[in-house]
Amino acid sequence: MWASKQRPWVLALVDEAKRRAESAAAAALELSRSTRRDDSGALQAARAPPLLVASDEYLGLEDLEQKVAYATIVALVNAKVTDFVPFFNELLKAGGNKIVVPGFEQATLRLRKIRRLAAAMTQLKGPSCGSLDLSDFAWLNDLRGEEDVYSTMRYLLPEMEQLVEEFLEMQAQSETAPVWR
């Protein structure tokens, strides 16, 4: 396996990244519990809390590939798609447990697909796709349960990746990114 062939500095780097992510997640969670006032003076809740960092029980002590995939998902979601933290928490809730939804049984493959979805959503919200407003997908945050979440993801992943391709093609043709708000 790829992870077992890595040098000790790679493993140390992953452990350091995990430690930093845990401390950042704890600080962000504390911040999210507070409230703030908007321009009109009304109380507003702080932004959604970031994903929690998985424990070694979730990923398995020896599986570096799963640790890196999980860290990538957390980074992508926390960077651009914080509106979908509840949805990604639901996706990651299963952990290393068996999933019965076809196509998501193996943890490593499941994390790869979740990482692809997070990357596509991040790219859609980025400047290369005109900072697309994904608020029409807010219903994803209401999904609960393994069956609903993974069945939805089966169809959502190719749709999001296709949207990214279409925006990138449009950008290549027009040489400017379209803005859809």
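Glu-65 counts as partly exposed, at 25% relative accessibility. Its side chain meets that of Arg-112 in a salt bridge, with 2.6 Å from N to O. Glu-65 belongs to helix H3 and Arg-112 to helix H5 (residues 107-125), so this pair ties together parts that are 47 residues apart in sequence. The model you are looking at is predicted. Its protein has six helices and two strands, and the points below walk through how some of these helices meet.

**The overall layout**

- Following the sequence from start to end, you will find the pattern α-β-β-α-α-α-α-α.
- The protein has 181 residues, and buried residues make up 35% of them.
- Take the contacts between residues at least 6 apart in sequence: 68% of these join residues at least 24 apart.

**Salt bridges**

- Side chains of opposite charge can pair when their charged atoms come close.
- A search of the whole structure finds three salt bridges.
- One of them is the pair of Glu-65 and Arg-112 introduced above; Arg-112 is partly exposed, with a relative accessible area of 34%.
- Asp-83 and Lys-125 form another salt bridge, and their closest N and O atoms are 3.3 Å apart. This pair links distant parts of the chain, 42 residues apart: Asp-83 sits in the loop between H3 and helix H4 (85-92), while Lys-125 is in helix H5. Asp-83 has a relative accessible area of 46%, so it is partly exposed.
- Arg-116 forms a salt bridge with Glu-161, where the closest N and O atoms are 2.8 Å apart. Because Arg-116 lies in helix H5 and Glu-161 in helix H6 (residues 146-174), the pair ties together parts that are 45 residues apart in sequence. Arg-116 is partly exposed, with a relative accessible area of 39%, and Glu-161 also counts as partly exposed, at 24% relative accessibility.

**Helix H3 and its neighbours**

- H3 runs over residues 64-79, which makes 16 residues, and reaches 22 Å from its first C-alpha to its last, close to the 22 Å expected at 1.5 Å a residue.
- The buried residues in H3 include Leu-64, Ala-69, Tyr-70, Ile-73, Val-74 and Val-77. Gln-66 and Lys-67 are buried in H3 as well.
- An α-helix has 3.6 residues a turn, so residues three or four places apart point the same way.
- H3 packs with H5 at an angle of about 25 degrees, and their axes are 9 Å apart. The two helices are therefore roughly parallel to each other, and H3 passes H5 in a left-handed crossing.
- Where H3 meets H5, the H3 residues include Glu-65, Ala-69, Ile-73 and Leu-76, and the H5 residues include Leu-111, Arg-112, Ile-114 and Ala-118.
- H3 also packs with H4, at an angle of about 170 degrees and with their axes 11 Å apart. That angle makes H3 roughly antiparallel to H4.
- On the H3 side of this packing, Tyr-70, Ile-73 and Val-77 meet Val-85, Phe-88 and Leu-92 in H4.

**Helix H4, enclosed by the rest**

- Six of the eight residues of H4 are buried, so this helix is largely enclosed by the rest of the structure.
- Those buried residues are Val-85, Phe-87, Phe-88, Glu-90, Leu-91 and Leu-92.
- H4 packs with H6 at an angle of about 110 degrees, and the axes of the two are 10 Å apart. H4 and H6 are therefore roughly perpendicular to each other, and their crossing is left-handed.
- Phe-87, Glu-90 and Leu-91 are the H4 residues that meet Val-149, Tyr-150, Met-153 and Leu-156 in H6.

**A closer look at Leu-91**

- Which helix holds Leu-91? Leu-91 is found in helix H4.
- Is Leu-91 buried or exposed? With a relative accessible area of 1%, Leu-91 is buried.
- Which residues does Leu-91 touch, not counting residues up to four places away in sequence? Leu-91 touches Ile-114, Leu-117, Val-149, Tyr-150 and Met-153.
- Leu-91 and Glu-146 are 55 residues apart along the chain, and their C-alpha atoms are separated by 7.6 Å.

Definitions and conventions:
Residues are numbered from 1 along each chain as its sequence is written. This is a predicted model: local features need pLDDT of at least 70, side-chain atom pairs count only at pLDDT 80 or more; totals for chains, interfaces and linings use all residues. Side-chain values use heavy atoms; hydrogens and water are left out. Helices (H or I, at least four residues) and strands (E, at least two) are DSSP runs, numbered from the N terminus. The expected span of a helix is 1.5 Å times one less than its number of residues. Buried means under 20% relative accessible area, exposed over 50%, partly exposed in between (1.4 Å probe, protein chains only). A salt bridge is a side-chain nitrogen of Lys or Arg within 4 Å of a carboxyl oxygen of Asp or Glu. Axes are lines fitted to C-alpha atoms, for helices over the stretch in contact, and angles run from 0 to 180 degrees between N-to-C directions. Angles under 35 degrees count as roughly parallel, over 145 as roughly antiparallel, 65 to 115 as roughly perpendicular and the rest as oblique. A crossing is left-handed if the near helix is turned anticlockwise from the far one by less than a right angle, and right-handed if clockwise. Contact means heavy atoms within 4.5 Å.
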